[in-house]
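Trainee: Please give me a close look at the second largest pocket. What kinds of residue line it?

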Amino acid sequence: MAGPTQQTEVFILERQSPRESFQPFTAYCAEHGNLRILQRIIRKPTPGHQTLDLFDHVGVILRAGSAGTWFVHEARLIERFAGIGGNYRRLQHAVNFTSLIARNPVHEESRASVYQLLQTALRAFASTNRPDIVGFKSLYCFARDEGYPVKEHWFPTLLREDRTAVSQLLNRPLSEQTTASPVVERLQRKLTDYLRGHSDILVD
């Protein structure tokens, strides 16, 4: 007897090595957070078949399998962020962020906000020349959405010039950002070190 099904929309966070006749993915949906899904590998694609790819935003019908795994019954592409794969730095920062989401169970009350964050971040990664800034802002917002006091606890510990830089990074549009990449990298390390010591977030 076939297992129960659910219809939802997901972002593809990670793509694992193929397993027999299935391609495993880690996906994220607003209702359930991270999901382990499997899509059958089609040797001869048929009309209407949508092969999933990393970062895809897709509408899916999933059928329950064993051990919390879901099988893709149908898939419909909503948005593909093709611009990410055309630039190594974009790809690197986008993978770092989606892998972070995949590693961490998201609290039920913040799943919807993290879903919106993923959409915003992936659209920005696909078009920006400053993926380092998108990565920093996304990490900060993820920690904030998960309830950690990054504004109240981490931010005041920074030197004055670093607080100024962080404020600019978080509040200015990407088109107006001028912070040098080494500064962004240093601030990202500081934030990562803080989360490693003051949160349950698996940053690496």
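Mentor: The lining of the second largest pocket splits into 4 nonpolar, 5 polar and 3 charged residues (Ala, Val, Leu, Ile, Met, Phe, Trp, Tyr, Cys and Pro are nonpolar, Asp, Glu, Lys and Arg charged, the others, Gly among them, polar). Bear in mind that this is a predicted model, where local features need pLDDT of at least 70 and side-chain atom pairs pLDDT 80 or more, while totals for chains, interfaces and linings use all residues. Residues count from 1 along each chain as its sequence is written, and side-chain values use heavy atoms, without hydrogens or water.

Your pocket (an open set of points on a 1 Å grid over the protein atoms alone, where a 1.4 Å probe fits, with protein on both sides within 12 Å along at least five of seven lines; lining residues have an atom within 4 Å of a point) holds about 260 Å³ of space. Its lining includes Phe22, Gln39, Arg40, His49, Arg63 and Phe71, plus Val72, His73, Glu74 and Ala75. Strands (DSSP E runs of at least two residues) matter for your picture: S3 (33-40) and S5 (69-79) are the elements that give two or more residues to this lining. S5 gives the most, with 5 residues.

Now set that beside the largest pocket, at about 500 Å³. Of the 20 residues lining the largest pocket, His93, Asn96, Leu139, Gln188 and Thr192 lie nearest its centre. Here H2, H4 and H7 are the elements giving two or more residues (helices are H or I runs of at least four residues). H7 contributes the most, with 8 residues. As for classes, this lining has 5 nonpolar, 7 polar and 8 charged residues.

Leu139 leads us on to H4, where Leu139 is among the buried residues (under 20% relative accessible area, 1.4 Å probe, protein chains only), along with Phe136, Tyr140 and Phe142. In fact, 12 of the 15 residues of H4 are buried, so H4 is largely enclosed by the rest of the structure. What do those buried residues pack against? They pack against H2 (88-103), H3, H5 (150-154), H6 (160-171) and H7 (181-198). Just after H4, Gly147 takes a positive phi of about 95°.

One of those packing partners, H3 (residues 111-125), holds Gln119. Gln119 counts as buried because its relative accessibility is 16%. Leaving out residues up to four places away in sequence, Gln119 touches (heavy atoms within 4.5 Å) Phe11, His57 and Glu79.

Methods. Buried means under 20% relative accessible area, exposed over 50%, partly exposed in between (1.4 Å probe, protein chains only). Grid points are joined across faces, edges and corners, and a volume is the space filled by probe spheres set on the points.
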